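This report describes strand pairing, nonpolar packing and one helix contact in a single chain. The sequence and coordinates come first.

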Amino acid sequence: DKVKTVTLPVMRDEEGHLYLGDVNRRIAVADFAKAVYDEDHPLELVQSDENAVFDNEDLYMYYNYRNAWNFYSDMGWIGPDGEGTDVIILKNLCTRDGFLYENACSIGSIQGWQMFGYTPYSLEGKPLGLGRGLDVMAHEYTHTFTGTVMNSNLYENDQGAINEAMSDIVGNLVEAILQETDDTRWLL
């Protein structure tokens with residue numbers, strides 16, 4: 001219920017089309033289905049011909065993902081893997097037949113990219129709000145950090161639970177440290 005004004009970088013091509021992305025941080029937002037399931041795996045970037053008409057759910061996600069990136073960068077960890085690898089955030093996670101996954105996730109390193117995914121709207125067309133929470137974006141970002149520094153961590157059983165707990169805790173800490181929440185206490 002709060003209104004917040006933010007300034008976000010966008011990319012612009014020679015024809016003047018705008019794309020949701022940050023050249024300095026090497027982050028871009030693209031369509032999941034085309035990148036994953038189409039034969040040539042094209043990156044169809046989230047585009048607008050006017051700066052003020054990007055989808056709000058995409059802007060929330062992009063804003064909070066960049067905040068997570070900045071948080072880790074301030075500690076000397078560049079990019080989700082610490083190597084500054086280019087990032088593609090894939091919109092509308094789905095199966096090959098188009099069924100949407102109502103979730104956000106760290107997909108991992110694929111063909112030289114660090115990939116993340118999110119779905120902004122439910123099957124009924126209602127905003128899921130996943131990108132609205134900095135804790136959610138920092139949680140997913142932390143999965144890549146954890147996967148890099150603990151590369152023998154199997155994502156199953158107790159180790160998987162610890163991995164999820166670490167992402168939950170760091171996600172909440174990032175949100176608290178950057179003062180993006182009114183939550184002042186945790187119940188354990």
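Two strands count as paired if DSSP finds at least two bridges between them; strands (E, at least two residues) and helices (H or I, at least four) are DSSP runs numbered from the N terminus. The model is predicted, so local features need pLDDT of at least 70 and side-chain atom pairs count only at pLDDT 80 or more, whereas totals for chains, interfaces and linings use all residues. Residues are numbered from 1 along each chain as its sequence is written, and side-chain values use heavy atoms, with hydrogens and water left out.

**Strand pairing**

Strands of a sheet pair through backbone hydrogen bonds, either parallel or antiparallel. The pairs described here are tabulated below.

| Pair | Sense | Bridges | Opposed residues |
|---|---|---|---|
| β3 (residues 21-22) and β4 (residues 27-31) | antiparallel | two bridges | Gly 21 and Ala 28 |
| β4 and β6 (residues 87-91) | parallel | five bridges | Ala 30 and Leu 90 |
| β1 (11-12) and β2 (residues 18-19) | antiparallel | two bridges | Met 11 and Tyr 19 |

β3 and β4 form a hairpin with four residues between them, and Arg 26 in the turn has a positive phi of about 60 degrees. In β4, five of five residues are buried, where buried means under 20% relative accessible area with a 1.4 Å probe, protein chains only.

An open antiparallel sheet has the strand order β1-β2-β5. Its edge strands are β1 and β5 (47-48), each of which pairs on one side only.

**Nonpolar cores**

A nonpolar core is a set of buried Ala, Val, Leu, Ile, Met, Phe, Trp, Tyr and Cys residues joined through side-chain atoms within 4.5 Å. The largest one has 29 residues; among those with the most contacts inside it are Ile 27, Val 29, Met 61, Tyr 65 and Ile 89. Two or more residues each come from β4, α2 (56-74), β6, β8 (113-118), α3 (134-149) and α4 (157-177). The largest share, eight residues, is from α2.

Contact means heavy atoms within 4.5 Å. Leaving aside neighbours within four places in sequence, Ile 89 is in contact with residues including Ile 27, Val 29, Met 61, Tyr 65 and Phe 116. A second, separate core of 12 residues includes Ala 30, Phe 32, Cys 94 and Met 115.

**Helix packing**

α2 and α3 pack at an angle of about 50 degrees with their axes 8 Å apart. Axes are lines fitted to C-alpha atoms over the stretch in contact, and angles run from 0 to 180 degrees between N-to-C directions. That makes α2 oblique to α3, because angles under 35 degrees count as roughly parallel, over 145 as roughly antiparallel, 65 to 115 as roughly perpendicular and the rest as oblique. Residues that meet at this contact include Met 61, Tyr 65 and Trp 69 in α2, and Met 137, Tyr 141 and Phe 145 in α3.

Terms used:
Buried means under 20% relative accessible area, exposed over 50%, partly exposed in between (1.4 Å probe, protein chains only).
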